[in-house]
Every structure is written in structure tokens, then in C-alpha cells.
Amino acid sequence: MSERHGGILPAHMIETMFAHGAITSEHPPLDGQIQPASLDLRLGRTAFRVRASFLPGPDVSVSSKLDALELHTMDLRNGAVLETGCVYIVPLQESLDLPADISATANPKSSTGRLDVFTRVITDKGIAFDTVPAGYQGPLYAEISPLTFPILVRTGSRLSQIRFRRGDSRIPDSELEAIHNDHTLVSGGNERIGGGVQLSIDLKGEGPGSLVGYRAKSHSGLIDVDVTGAQDPLDFWEPIYRRNTPDLILDPNEFYILVSQEAVHVPPDYAAEMVPFDPLVGEFRVHYAGFFDPGFGNEHAGGIGSRAVLEVRSHDVPFIVEHGQTVGRLVYERMAERPHSLYGEGIGSNYQGQALKLSKHFKVPS
């Protein structure tokens, strides 16, 4: 860690953090756990069901809050079911001893978000979710609340990921314009830049009657988060097909999987994250999950035409979304160094080259 490059730390620098004790774990990192610009976090041995979500606040540890809020303790070593409508706190296997100039941000993994599992990372003395201050020393915890499907998890399951950064790595709109002109960050849609790269919704699909999304079914079965390609999509999802008019009424508190109109590209020297567009545009939100690693949508890494999958939920009232409506934006950040491997380059990436796609847990329709 002797070189002082500002930006998001790539995989080989995360490996160095393990070697130098800035990241410690009960077990060595597994193959595929370190992504091009992030680290998957593993669940520990115990889940605590608690009365409500919480932040510990300044000078308070998570463990002391658990003493007051814990309802039930579950052993995860042989697997356990996390039920919908409940809140669980799980100590993670990874702990941090960050240098004074390195901070971190966590996010649900893409597959977690597509299952509508509300997941956030908490630190001791934390005053914000998914935020780790520079120089933090201590354990990490996952807050987990399945919203639609009950899930089966176990020690070692990976629901969250964390990204490390040195300094201010966010790229302002003025520079994004130049990067877009050189690398085509988005294509095939509105291609607007403002507060990041704006993304709009695709409700036209490939033509009349084509599949444009999915709505989650209520009272569905159990999903094992560590098993891929096992579930029949129709047991959990209602397909949505294009109507005569390209719009969709979102039912209150229902969960939808939709897709961006734009194809997204994250060049090798950059990383991206989807963030809210504007809470004033309507009574809905996109459930933002996962980071966009360097190489996502890169044609040389097999990602030409990769689009962003949108996890959408309406609140309180029915709300109409229309084709081309802006629903989110991608914030781009600089990498401290170019990763040795890009997303999709032989590292088991599940969503390179994707269009409308459910999580990896579901069978791909033939």
C-alpha cells in the first residue's frame, strides 16, 4: 500500500490489504470473492433477530445495541431461514483496520437486490448505513430483511460487497462528458448527463407483446441464496409483456424487475454505482443494488449491449411509469489503478452482456 494513488482500489490492492492486515477474516478469501473493484462479504456463524433496524450512533457498539434489541439467536453453520418482514443482524467474517486515508462503501450484491432482500452494512459507532469512515478499526455487521421471498442462508453466504477508496474519486459532469465522448458510457437511449449518467426505463422491449419485466408473486417458496439456476421463474414471478401503450402501472409495495433503455459501459479505468435520480419525480424508487465493476459492458470483455437491471418498488399509491422515463443515474469514479482482470474476463461474472434478467438463482428460460 506504499503507492498513494487516489481512487477506487482494484482487486490486487484489496489482496494487499489482506496481506498487510487492513482486512482480516476468520478464513482466507475464496476464489471469486475479490471482484475487480470490490470485495464480497461473508456471513458469520450467528444471526440475531432484532425488533427493528437501528444505527448504533457515536461511541456505541453494535453488540451493545444487540443486547437491548435481540429477540432470538440463530446458528447459521447448517443453514437457517430468514423470514420476510423480519430484521436480522449478522456479524460478518471480515473485519477492518483501515489506514487513515482509506474509506469504504458497501452495497447489496446484484443478486441480493434482485431477490428484494434489503441488506445494509453497519459498523460500530456508525451514523450512516453502508458507510465506513477512513481509518475505521473494528467488525462489520450485515442488517438483512427479506421483503418478498424468504431466503435460506448459511455461514459464508455473500449478500453484500464493499468498495474501498482513497480520497475523492467521483468524476464531475464536466469530465464525464469528455469520457462519454471517448468511450460511449451509454448508448441506445436518452444518453443524458446530469448528476452522473442518467438511465431511463425500457417498456417497449423488442416489439408488441414482448417481455418487458417481471412482478414478484406473493407467498412464494424459499430461495437458497447459494444455489444457482435451481428455481423456476414462474413459481416466483409474473411476466409483464408490452402493452399497446408503453407504460406500466406500479401497484403499491409490489416489487418489479425492469431494465434500462440504455446499454451501459464502464471503461477499465473507472467504476460506477447506481444512485437515486430525484425523489420528486414520483412515488417510486429503484432498489439500488450492486456496483458496476470496471469492464461492465466492455465489448472486449464480452459485455457489448449490457444493460442495467432495475429493481423497482412503488410506495403508498399506484404510479404510472412510461417508456423512456428517467429512473436512476450512474455515478462514475476513478480507479486508483487499472484492475488486472475486468468484469466478465473469465472470473465467473453472472451479468455481463445482460438484458432483462432475473437473479442467478433462477433457470434461464429456453
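In strand β13, V81 finds its bridge partner in L152. That pair belongs to a join of three bridges between β7 and β13 (residues 151-153), two strands that run antiparallel. Keep in mind as you look around that this is a predicted model. Zoom out a little from V81 and you'll see an open sheet of three strands, ordered β7-β13-β18, with mixed pairing. Its edge strands are β7 (80-82) and β18 (223-224), and each of them pairs on one side only. If pairing is a new idea, here's the short version: strands of a sheet pair through backbone hydrogen bonds, either parallel or antiparallel.

Now for the whole chain. It holds four helices and 27 strands, so let's not try to visit every one of them. The C-alpha trace spans about 55 × 50 × 40 Å along its principal axes. How does the radius of gyration fit with a compact globule? For 366 residues, such a globule would come in near 21 Å, and this chain has 20 Å, which agrees. Of those 366 residues, 54% count as buried. The accessible surface comes to about 15500 Å², and carbon and sulfur atoms account for 48% of it. Contacts also reach far along the sequence: take those between residues at least 6 apart, and 81% of them join residues at least 24 apart.

Back to the strands, and to a run of pairings you can follow by hand. Start at β5 (residues 46-50), which is joined to β6 (residues 70-75) by five bridges, running antiparallel. Here F48 stands opposite T73 in β6. β5 is also joined to β8, by three bridges and again antiparallel, and in β8 the bridge partner of V50 is V87.

From β8 (residues 87-97) you can step across to β12, since these two pair in the antiparallel sense over seven bridges. Look for L96, which stands opposite G138 in β12. One more step takes you to β10 (residues 117-123), which pairs with β12 in the antiparallel sense, also over seven bridges. There, T119 has I144 of β12 as its bridge partner. And is β12 (residues 137-146) mostly covered or mostly open? Mostly covered: eight of its ten residues are buried.

Next, the inside. The largest nonpolar core has 52 residues, and the ones touching the most other members are I162, F164 and W237. Helix α1 (residues 11-19) gives this core its largest share, five residues. A second, separate core has 32 residues, including L176, L199, M274 and L330.

F164 is a good place to pause. Leaving aside residues up to four places away in sequence, F164 touches a list of residues that includes I14, M17, I23, L39 and I102. L96, the residue we met in β8, is also one of the residues F164 touches.

I14 and M17 lead us straight to α1, where the buried residues are A11, H12, M13, I14, M17 and F18. What covers them? Among the elements doing so are β2 (23-25), β3 (34-35), β4 (38-42), β9 (102-108) and β14 (158-166). After α1 comes G21, with a positive phi near 85 degrees.

The second core has a helix to look at too. L176 sits in α4 (residues 173-183), where the buried residues are L176, I179 and H180. These three cover an arc of only 105 degrees around the axis, which puts them on the same side of α4. Turn to the other side of the helix and you'll find S174, N181 and D182 exposed. Just after α4, T184 takes a positive phi of about 55 degrees.

What do the buried residues of α4 pack against? The answer is β15 (186-187), β16 (197-200), β22 (270-276) and β27 (326-334). Some of these strands turn up again in an open sheet of four strands, ordered β16-β27-β22-β24 with antiparallel pairing. β16 and β24 (291-292) stand at its edges with a single partner strand each, so one side of each is left without a neighbour in the sheet. For a last close-up, go to β16 and β27, which pair in the antiparallel sense over four bridges. In this pairing, Q198 stands opposite R329 in β27.

Terms used. Residues are numbered from 1 along each chain as its sequence is written. This is a predicted model: local features need pLDDT of at least 70, side-chain atom pairs count only at pLDDT 80 or more; totals for chains, interfaces and linings use all residues. Side-chain values use heavy atoms; hydrogens and water are left out. Buried means under 20% relative accessible area, exposed over 50%, partly exposed in between (1.4 Å probe, protein chains only). The arc is that of the directions from the helix axis to the C-beta atoms. Contact means heavy atoms within 4.5 Å. Two strands pair if DSSP finds at least two bridges between them. The radius of gyration is taken over C-alpha atoms; the globule rule is 2.2 Å times the number of residues to the power 0.38. Accessible areas come from the Shrake-Rupley method with a 1.4 Å probe; for residues, only the protein chains shown count as cover. A nonpolar core is a set of buried Ala, Val, Leu, Ile, Met, Phe, Trp, Tyr and Cys residues joined through side-chain atoms within 4.5 Å.
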